[in-house]
Amino acid sequence: MSSTDTAVRHCVFPGCRTDAQSTPGSAAPLCRRHLDLARHHGWSCRRLGDGYLWSSPLGREQLVRV
Ligand SMILES: [Zn+2]
């Protein structure tokens, strides 16, 4: 086990711990279901500090630490 490997391998959607699908570049690691949610249902997320800040379609924000 490598202590330098900090890559996130699980989905970073709030409350989800499913294994993430492979994601290109800087995109957040997400499972297939939440990739779909982010692409087509108005959810967005961006990297913030040591986590990801999600914005729901209704504008509610939630920080998910990883
Ligand atoms: Zn998920």
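Guide: Before we start, two strands pair if DSSP finds at least two bridges between them. Helices (H or I, at least four residues) and strands (E, at least two) are DSSP runs, numbered from the N terminus. What you're looking at is a predicted model, where local features need pLDDT of at least 70, side-chain atom pairs count only at pLDDT 80 or more, and totals for chains, interfaces and linings use all residues. Residues are numbered from 1 along each chain as its sequence is written.

Visitor: Okay, what pattern does the protein chain follow along the sequence?

Guide: Start with the parts list: there is 1 helix, plus 3 strands. Now walk along the sequence of the protein chain, and you read α-β-β-β.

Visitor: Which residue in β2 is the bridge partner of Cys45?

Guide: Look at β1 (residues 44-48), which pairs with β2 in the antiparallel sense over 5 bridges. Cys45 falls in that stretch, and its bridge partner in β2 is Trp54.

Visitor: And on the other side, which residue in β3 is the bridge partner of Tyr52?

Guide: β2 also pairs with β3 (residues 61-65), again antiparallel and over 5 bridges. Tyr52 sits on the covered face of β2 along with Trp54, while Gly51, Leu53 and Ser55 make up the uncovered face. Over in β3, the bridge partner of Tyr52 is Val64.

Visitor: Which residue takes a positive phi near 90° in the hairpin of β2 and β3?

Guide: Don't mix it up with the hairpin of β1 and β2, where 2 residues lie between the strands and Gly49 has a positive phi near 60°. The hairpin of β2 and β3 has 5 residues between its strands, and the one with a positive phi near 90° is Gly59.

Note on methods. A residue is buried if 20 or more other C-beta atoms lie within 10 Å of its own, exposed if 12 or fewer, and partly exposed in between; C-beta atoms are placed from the backbone.
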